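The exercises below are meant to be worked through with the sequence and the model open side by side. Please try each task before reading the solution that follows.

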Amino acid sequence: MADFYYDTAHLLGALVLLTSFGLLYQRRLFALLNVFATQAFVLAAAAAWQAFIHGEPHLYITALLALSLKAIVIPVALHRIILRLEIPRAVDSALGVGMTMVIGVSLVTLSILLVMGVTSGAAALTREDLASALSVVLLGLLMMITRRNAVSQVIGFMSLENGLILAAIGVEGMPLVVEMSVAFAVMVAFIVFGIFFFHIRERFDTLDLQNLETFRGEREERPWS
Amino acid sequence: MAASGVLLSRFTGLRDLAYGGTAVLCLAIAAAAVAHLAGNVAPVSLVLPVGLPGAVTHLRVDSLSALFLLVVNVGGVTACLFGMGHDRMARSVGFAGHADRAPVRTLVPLFLAGMNGVLIADDVFAFLLSWEFMSVSSWLLVLSTHRDAATRRAAHVYLVMASFGTVMLMLGFATLIGTAHGASGAFLGDYSFAGIRAGSPAVLPATIAMLLILLGTGSKAGMVPLHVWLPLAHPAAPSHVSALMSGVMTKVAIYGLVRVVFDLIAIPQWWWGAAMLPLGAVTAVLGILYALMQHDIKRLLAYSTVENIGVILIDIALAIVFKSLGVSALAALALTAALLHVVNHSLYKSLLFYGAGAVLAATGQRDLDALGGLIHRMPITSFVWLIGAAAISSLPPLNGFVSEWLSFQAILNGPLLEQWELKIGIAVTGALLALATGLAGACFVRAYGITFLGRPRSNAAAQAGEVTALMKASMIIPAALSVAIGVVPTLVISLLEPVTRAMVGEGLYDGGGRSGWLWVSPASAFGNSYSGFIMIAVIALMSVVAALVLHRYASARLRRAAAWDCGFGDAGPTAQYSAGSFSQPIRRIFLNQVFSARDTVVMPPPGDTAPARFSLELRDPAWDWLFTPIEQLMGRIADRANLLQFMTIRQYLSLMFGALVLLLVVVAVTQS
Amino acid sequence: MITLIDTLYQIIQMALLVALAPLLTGVVRLAKARLTARRGASVFQPYRDLLRLARKEAVVANNASWLFRVTPYMVFTAIWLAAGLVPTFTSALALAPTADLIALVALLGTARFFTALAAMDIGTGFGGLGASREMTIATLAEPAMLMVIFTIAILVHTTSLPQIVDFILVGGVGLRISLAMALVALSMVAIAETGRIPIDNPATHLELTMVHEAMVLEYSGRHLALIEAAGMVRLLLFVSLILCIFIPWGIASPGSGVSLVVLGLVSYPVKLVFSGLLLGAFETSIAKMRVFRYGEFLGGALLLALLAAIFLFVSTGR
């Protein structure tokens with residue numbers, strides 16, 4: 001039965017990673033939000049499952065937080081923001097989707113190689129989860145880099161943070177405090193970004209960061225490529 | 001056999017005798033090679049008392065040489081047949097620009113002699129001499145028929161890359177000889193292959209030598225990024241010479257690589273293979289992507305050669321990895337795949353080039369967009385070309401699939417290795433190889449569909465006629481061999497066994513496995529098996545049954561009518577998909593990001609009667625980043641060397657004196 | 001090593017495939033009709049369609065060559081043979097040593113190659129359009145499928161389908177991330193290869209969106225019947241392939257008694273009907289994709305399959 005426990009834990013971890021690829025693949029903001037909600041939901045399931053097999057009840061709180069906040073509240077809030085601010089619903093990507101995916105797979109390979117090297121003595125379970133978590137973090141970063149739109153950057157940041165939580169729940173005996181603080185950090189970031197949205201909107205009437213850069217003279221205006 | 005090189009060059013006088021005699025001689029050598037392989041004979045050596053002063057020339061034929069002799073000379077036979085047929089057609093029809101073929105007739109035997117020489121050489125001097133002979137004669141062949149600017153440019157690029165390759169080979173062999181030490185630790189300085197074999201170099205010099213040899217042979221074979229000359233030079237030559245260059249000469253380069261890595265350097269390292277894997281994979285994918293973009297059928301074929309070389313390099317890299325890690329059964333599997341692919345590619349690439357030559361002879365066109373509908377006008381050519389196209393796309397039950405199947409079996413074993421880099425690298429290589437295979441299918445559907453199917457896109461294509469019997473024969477022979485190898489691959493695989501035994505210490509079936517003639521089933525391949533014979537038998541049987549049942553019980557009536565085309569009226573042949581439109585989706589998916597491909601559409605404003613213009617710009621990154629610097633370097637060296645011609649006697653003397661002193665210093669230093 | 005009983009099973013299997021393929025198509029069509037609030041035709045309608053087509057006179061374009069007329073037979077038998085290699089009710093099949101999964105992919109490739117050529121034979125714009133798009137899809141779908149095979153082969157140490165089924169049946173695999181990824185990737189490939197939504201719409205004759213239909217536009221009569229039947233068998237093949245790798249339970253192992261084989265014969269159609277309903281539901285819930293997004297979709301499948309293989313190294317930990 002232990003095999004089944006571990007296999008399910010692996011599966012959930014990898015599903016989080018898969019949804020990260022889903023985020024990279026999506027081209028529409030609402031679909032992006034849905035995929036993000038799915039990711040948070042799977043993360044919650046992973047946390048709950050870890051809580052169950054290791055008998056660590058505090059992980060249920062993490063699960064609940066992930067479920068309520070990230071799977072429901074934030075997506076709904078962002079959904080409303082997009083509607084209210086009339087943000088263009090297409091994800092403006094700085095790099096082709098295909099290229100992004102190729103880079104994504106390379107990043108996953110890199111993190112696997114990295115984790116393999118560092119944790120050669122650890123159990124297969126920890127290694128696999130760590131590899132998934134590191135990949136999710138890297139993919140979140142990648143998403144923040146390649147997307148021009150502020151909303152998708154926020155989502156990239158939160159998926160990065162999901163990766164951190166995935167790493168935290170994978171390690172036995174991680175104290176709750178850390179997770180809470182991490183979760184709060186995200187909240188703070190979310191609020192900051194939220195204010196930022198409105199700020200930019202007032203000034204420039206758009207949420208496209210490219211305009212900000214043009215305004216600051218960092219780059220030449222160029223047609224959409 | 002040793003005298004063949006000398007003999008071959010004699011047949012230059014009479015018109016048909018040149019080709020006919022060469023063909024007979026090639027046939028004899030090929031037969032002897034088969035006998036050598038099948039008979040499991042010990043290597044035959046010969047020492048000729050000619051060569052550099054105080055040195056002799058070593059010649060030797062072992063199983064590896066015999067196999068490549070077979071490849072070269074079968075190609076030689078068909079090329080001579082095609083050349084003879086083409087000359088006859090030129091005499092009877094008299095098409096312009098092809099009148100004077102005498103230089104080609106003279107040079108082809110020399111070219112073949114050069115290639116044979118490389119294969120039987122057993123010392124560095126003979127090897128390099130034959131290699132240069134091969135390069136120069138093929139370079140002259142490129143220049144022989146057309147002297148327009150594009151051909152001259154192609155020849156120039158070829159010359160630059162060929163000299164680069166030879167320099168690399170020289171340096172590589174020099175590294176091997178210079179660092180060879182005998183059992184007693186004494187400096188050997190033996191230039192024969194036997195001496196290099198006995199040399200047992202340390203890892204570092206061996207790696208440097210391996211790298212240099214890879215650059216030298218790779219530039220000849222068309223390895224990316226050293227491929228730039230190949231798609232220019234191969235198509236510029238007459239078609240049967242293109243076939244020899246693409247189908248055969250690249251294999252001679254592969255021979256050089258295999259000879260050095262598996263035979264001369266006794267200590268292959270696994271990371272050599274690991275470094276070669278991405279090279280091979282990139283070569284395969286880029287080669288075929290470029291082939292897909294070509295509008296000139298011969299350039300398309302030349303780029304497809306680049307792809308096939310990539311596949312062979314992948315197999316060789318796997319064989320290096322497996323051999324160095326001591327898994328000789330798998331090394332045998334990978335090397336068998338490589339060698340079988342060498343044989344297969346030489347067959348179908350020759351066939352495809354002859355077919356392109358036949359189309360060129362019949363229509364005067366190489367541009368895909370001026371062809372079409374030739375299946376009605378040239379039934380035999382179009383049928384054998386179909387076999388070649390299907391074989392090169394690795395479709396069962398033809399020969400291309402067998403070698404691809406073996407490659408995949410070798411790749412499937414990769415993850416069982418210890419090294420993480422190899423596990424992941426081999427998995428990625430597998431994906432890229434599969435991608436290249438898929439792209440090859442698209443490439444040859446495009447090539448065949450646009451050349452032979454549909455409706456003619458030009459008057460020349462509409463009035464084409466079938467070519468001469470000899471030209472047809474030159475295509476039918478490789479086509480028949482392709483089918484035969486596909487259906488009963490074990491015949492050739494059994495010929496490869498002595499080679500793999502000599503190179504990696506084990507034959508394909510030495511570890512057990514079913515070795516009947518019906519199944520390809522290497523023990524090392526997880527116990528998987530494949531049978532082309534049963535497959536084709538079942539397909540043929542079921543097709544006949546299906547046809548009979550339908551005709552007997554359903555309906556056998558058939559009516560000819562105008563094409564339906566979704567109810568549109570006849571839009572004329574120009575409404576067909578062209579070469580450019582066929583590959584447009586693939587270009588959009590792959591090329592826009594990889595190479596700066598840019599297509600621009602200029603639409604006239606409404607009311608304007610000017611036609612809309614479409615133009616496409618493609619750049620080969622290898623050209624900008626690699627070839628141009630090499631060209632400049634070679635040019636600078638040539639300029640410096642040129643100075644030597646215009647020096648005074650005093651300057652010459654001081655140069656010689658300087659060289660002498662330098663030599664003495666070297667001797668003094670090494671002796672102390 | 002090929003026994004009489006294996007041969008018998010193989011023959012039953014071949015007959016079963018032809019008999020069940022139109023049924024599966026019928027089920028999918030009915031499910032789609034019902035889900036879009038239509039009544040829909042009976043599940044047996046595809047049989048009637050095929051018979052009607054086969055009895056009609058074949059109309060061939062003036063410009064068609066021999067290739068055009070030979071292709072339907074070749075395509076049908078190649079796909080039929082490929083489908084015959086996939087264990088459906090038993091894994092004791094006589095043709096198993098002839099071709100493994102790689103050869104199966106290549107057989108499908110042969111069928112595609114000739115369909116595309118036949119499409120270009122007439123010399124119409126639509127034929128070229130279909131051929132170009134189909135080959136584009138194939139260039140990515142084929143490697144994706146081979147990578148799925150690669151993953152499974154690392155796990156199971158064989159590419160022979162009956163052996164894969166036997167291995168999974170004895171429980172040698174367990175729940176794996178890689179298998180989940182491989183399942184998703186294989187499903188994406190299957191959707192592309194069988195011309196279903198969102199890649200291609202089997203019910204359309206809308207010129208800008210069609211792929212497979214554009215290729216077979218010029219066929220009629222018995223030729224079209226064969227092409228349509230080949231399409232149905234291909235759908236059955238992919239469904240059976242996914243079933244036999246991921247839900248093999250019910251398939252009889254070699255050497256098992258008649259009762260188990262009968263159980264396999266009963267459970268197979270049940271599984272098929274469920275898959276058909278699922279496919280119908282999936283197709284109604286999704287919109288067709290732009291042609292130029294194929295690259296991303298199938299490239300995603302390829303990368304996913306590659307990821308599956310890479311992840312396998314982590315979890316096997318060897």
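Two residues are in contact if their C-beta atoms, placed from the backbone, lie within 7 Å. The model to which this is applied here is a predicted one.

**Exercise 1.** Find how many residues chain B and chain C each bring to their contact, and which element of chain B gives the largest share of its side.

*Solution.* Begin with the totals: 72 residues of chain B and 74 residues of chain C take part in the contact. Next, look for the elements of chain B that supply two or more residues to the side touching chain C; among them are helix H16 (399-412), helix H17 (420-452), helix H21 (532-554) and strand E5 (558-561). Of the elements on this side, H17(B) provides the largest share, with 16 residues. Finally, sort the residues on the side of chain B by type, which gives 46 nonpolar, 19 polar and seven charged.

**Exercise 2.** Determine how E5(B) is joined to strand E1 of chain C, and whether the two run parallel or antiparallel.

*Solution.* Locate E1 of chain C at residues 58-61, and then count the bridges to E5(B), of which there are four, with the strands running parallel. As one example of a pairing, B:Arg560 has C:Val60 in E1(C) as its bridge partner.

**Exercise 3.** Describe the fold of chain C and decide how its radius of gyration compares with the globule rule.

*Solution.* First list the secondary structure, which consists of 11 helices and one strand; along the sequence, two helices come before the strand and the remaining helices follow it. The radius of gyration is 19 Å, close to the 20 Å given by the globule rule for 318 residues, so chain C is as compact as a globular protein of that length. Its C-alpha atoms fill a box of roughly 60 × 45 × 40 Å along the principal axes. Turning to the interior, 66% of the 318 residues are buried, and among contacts with a separation of 6 or more, 81% link residues 24 or more positions apart.

**Exercise 4.** Explain why C:Ala99 counts as buried, and identify which residues it contacts.

*Solution.* Start with its position, in the loop between helix H3 (66-84) and helix H4 (101-121) of chain C. A residue is buried if 20 or more other C-beta atoms lie within 10 Å of its own, and C:Ala99 counts as buried because it has 30 C-beta neighbours inside 10 Å. Beyond its neighbours within four places in sequence, C:Ala99 is in contact with B:Tyr530 and B:Met535 of chain B, and with C:Leu85, C:Leu104 and C:Leu107 of chain C. As a last step, compare C:Ala99 with C:Ala82, which is 17 residues away along the chain, and find a C-alpha separation of 8.6 Å.

Terms used
Residues are numbered from 1 along each chain as its sequence is written. Chains are lettered from A and ligands numbered from 1 in the order in which they are written. This is a predicted model: local features need pLDDT of at least 70, side-chain atom pairs count only at pLDDT 80 or more; totals for chains, interfaces and linings use all residues. The radius of gyration is taken over C-alpha atoms; the globule rule is 2.2 Å times the number of residues to the power 0.38. A residue is buried if 20 or more other C-beta atoms lie within 10 Å of its own, exposed if 12 or fewer, and partly exposed in between; C-beta atoms are placed from the backbone. Ala, Val, Leu, Ile, Met, Phe, Trp, Tyr, Cys and Pro count as nonpolar, Asp, Glu, Lys and Arg as charged, and the others, Gly among them, as polar. Two strands pair if DSSP finds at least two bridges between them.
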